[in-house]
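Visitor: I am new to looking at proteins, and I would like a close look at a single part of this one. Please go slowly and explain each term as it comes up.

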Amino acid sequence: SAADTSNVIVTNHANSKFPSYSQSIETVREYYDYYIEQLKSKFDTKEAEDGEAGEVSTFEIVSDPTEITLKKGDGEVAALKVVYKAQLDGTEIQQILVICYEDDYFYNITLTTAPYIYESNEPRFEAIIKNFKFKD
């Protein structure tokens, strides 16, 4: 059995014009739409033609985005959560992406795992999200 290389990463992006986007992104939904389009272009579905060498890359949203909340002090921060699968250069991944907007930054909280161990890692990620808290 292969080693579990799953990971959780938190990244943030300043609320300013994104390099490949023509306008300022101001809402979580706008950022989600932008980010998913960037992912789709990275994992643009390509299949080798008959007789051609080449890798297959795919991108598939497994569950539509759902609204969730993250904690901040005594309040909450609105967020979106989506699950997708992708394959690039022969490597399959499944990710849960939680995005939110707080203090002029968009945040991505991402679980990356192999699809065959997604079900065992998903509850761990949900526990992280449940206990995640922004400082006041």
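Guide: Let's start with a word for how open a residue is: buried means under 20% relative accessible area, exposed means over 50%, and partly exposed is in between (1.4 Å probe, protein chains only). What you see is a predicted model, in which local features need pLDDT of at least 70 and side-chain atom pairs count only at pLDDT 80 or more, while totals for chains, interfaces and linings use all residues. Residues are numbered from 1 along each chain as its sequence is written, and side-chain values use heavy atoms, with hydrogens and water left out.

First, the setting. The protein chain has 2 helices and 6 strands, where helices (H or I, at least four residues) and strands (E, at least two) are DSSP runs numbered from the N terminus. Reading from that end, the order is β-α-β-β-β-β-α-β. Of the 136 residues in the protein chain, 35% are buried.

The part I would like to show you is helix H2, residues 118-131. Its 14 residues should span 20 Å at 1.5 Å a residue, and the C-alpha atoms at its ends are 20 Å apart, so the two agree; the expected span is 1.5 Å times one less than the number of residues. Now turn the helix and look for its buried residues: they are Tyr118, Asn121, Phe125 and Ile129. These four lie on the same side of H2, because they cover an arc of only 85° around the axis; the arc is that of the directions from the helix axis to the C-beta atoms. On the other side of H2 you will find Glu119, Arg124, Lys130 and Asn131 exposed. Covering the buried residues are, among others, strands E1 (7-14), E2 (58-72), E3 (75-88), E4 (91-102) and E5 (105-113).

Helix H2 also has a charged link to one of these strands. Side chains of opposite charge can pair when their charged atoms come close. The name for this is a salt bridge: a side-chain nitrogen of Lys or Arg within 4 Å of a carboxyl oxygen of Asp or Glu. Lys81 and Glu126 form one, with their closest N and O atoms 2.8 Å apart. Lys81 belongs to strand E3 and Glu126 to helix H2, 45 residues apart, so this pair links distant parts of the chain. Lys81 counts as buried, at 18% relative accessibility, whereas Glu126 is partly exposed at 24%.

By this rule there are 4 salt bridges, so let's follow the thread away from H2. Lys72 and Glu102 meet through their side chains at 2.4 Å, N to O. Since Lys72 lies in strand E2 and Glu102 in strand E4, they tie together parts that are 30 residues apart in sequence. Both Lys72 and Glu102 are buried.

For comparison, visit the other helix, H1 (residues 28-42). Here Glu37 and Lys40 form a salt bridge of 3.9 Å, N to O. These two are 3 residues apart, which means about one helical turn separates them. Each is partly exposed: Glu37 has a relative accessible area of 47%, and Lys40 has 35%. Helix H1 has buried residues too, namely Val28, Tyr31, Tyr32, Tyr34, Ile36 and Leu39. Their cover includes E1, E2, E3, E4 and E5.

Tyr31 leads us to a last stop among the strands. Its side chain joins that of Asn108 in a polar contact of 2.9 Å. (A polar contact is a pair of N or O atoms within 3.5 Å; within protein, one must be able to donate a hydrogen and the other to accept it, and residues adjacent in sequence count only if both atoms are side-chain atoms.) Asn108 sits in strand E5 and is buried, with a relative accessible area of 2%. Apart from neighbours within four places in sequence, Asn108 has contacts (heavy atoms within 4.5 Å) with residues including Ile9, Tyr31, Tyr35 and Leu97. Over in strand E4 you can find Gln95, buried at 10% relative accessibility. The side chains of Gln95 and Thr112 make a polar contact of 2.5 Å.
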